[in-house]
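Student: Could you take a close look at the aromatic rings in this one and walk me through what sits around them?

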Amino acid sequence: MFYYNQDLILKGLILIKFFLFILLIIFACIYALPLCFLPRFRSPINTMTIHVCLAFIGSAIFWMIIYMLNLHRGTVYNIISQEPCSISSSIETILNCLVIYSLCTVSINRLCSIKYSNRIIFKSQRWAFVCIGITWLITLFVSIPLLISWNKTICVKMFSKTIFREIYIQIIVVICPTIIFALINILIFIYIRQSSRRIQGNTTIRKIIINNRDIRLLKHMIFIFIIFLSGWSPIYILICIDYNNELSPTIYRFLSILPALSLLGNMIDLLLFNHQLRLFFRQLFIVRNNRIQTIINRS
């Protein structure tokens, strides 16, 4: 009876993640399509955001395929994170690295565009493609040990014990991106804060506006950082602690929902934070609503 209930819980958790990844793909497509096909959105930051959307979609498709195979074969108890030194586990980590470092690259580009706003290079598409290329190079570089360790024998020789492999994954997926992400956003806030203080006209109203802008920016950065850290840390910390795979698969399935929620939250945040794109969708909605109203009035 217990195993029957656990089987239902695992299937339910898989279906929840499946639904979250479908939402992620929908939001990513809604975000990326206007950036791809409308000339007004052609800018380095939007090009890099398209790359982030494609990374999100690729990761979501990978997981949806895995979950469909789990449901079809009745292997809901098989957790990739609990299968070290396997091809699927390595692919999982590589995709996660690509997604996470893509987000870090967007933050780095945002810092460069703010701090060096007069430099032409940071406004060119060439710069965007260079950043995307660097993202792939970093992902492939940190993934070399994982690519080599697909073979079980080589994996054991390289890492001696599974725990060392999991610690390495913890470093490249959580610790390094967290440090990069935090450092870049702190530098952005410090620069904007210093720029605000240099603005002429120390009237009370101007000070209030500047302070409100700084507070909004700080809240946004803290929000993004919390989403990132709370989404990716728990599952990888658990893997390091439970390197003997003694815990229930249900716990792993439950915690693996958090990265999906984190990606979805980041995707929604990118959509809401892009004022130009929000304005485009608002105008599109108003025009369509006016057309429908005109048709109704004529009839």
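Tutor: Here's a walk around the rings, with the ground rules up front. This is a predicted model, where local features need pLDDT of at least 70, side-chain atom pairs count only at pLDDT 80 or more, and totals for chains, interfaces and linings use all residues. Residues are numbered from 1 along each chain as its sequence is written, and side-chain values use heavy atoms, with hydrogens and water left out.

A search of the whole structure turns up 3 aromatic pairs; rings of Phe, Tyr and Trp (its six-membered ring) pair if their centres lie within 6.5 Å, with planes under 30 degrees apart called stacked, over 60 edge-to-face and the rest tilted. Phe 62 and Trp 63 make an edge-to-face pair, 5.5 Å centre to centre with 75° between the planes. Phe 62 counts as buried because its relative accessibility is 15%, and Trp 63 is buried too, at 11% (buried means under 20% relative accessible area, exposed over 50%, partly exposed in between, with a 1.4 Å probe and protein chains only).

Trp 63 has another partner: Lys 17 lies over its face, 4.9 Å from the ring centre. That label requires NZ of Lys or CZ of Arg within 6 Å of the ring centre and within 35 degrees of the ring normal. Elsewhere, Phe 41, Phe 280 and Phe 281 form one aromatic cluster.
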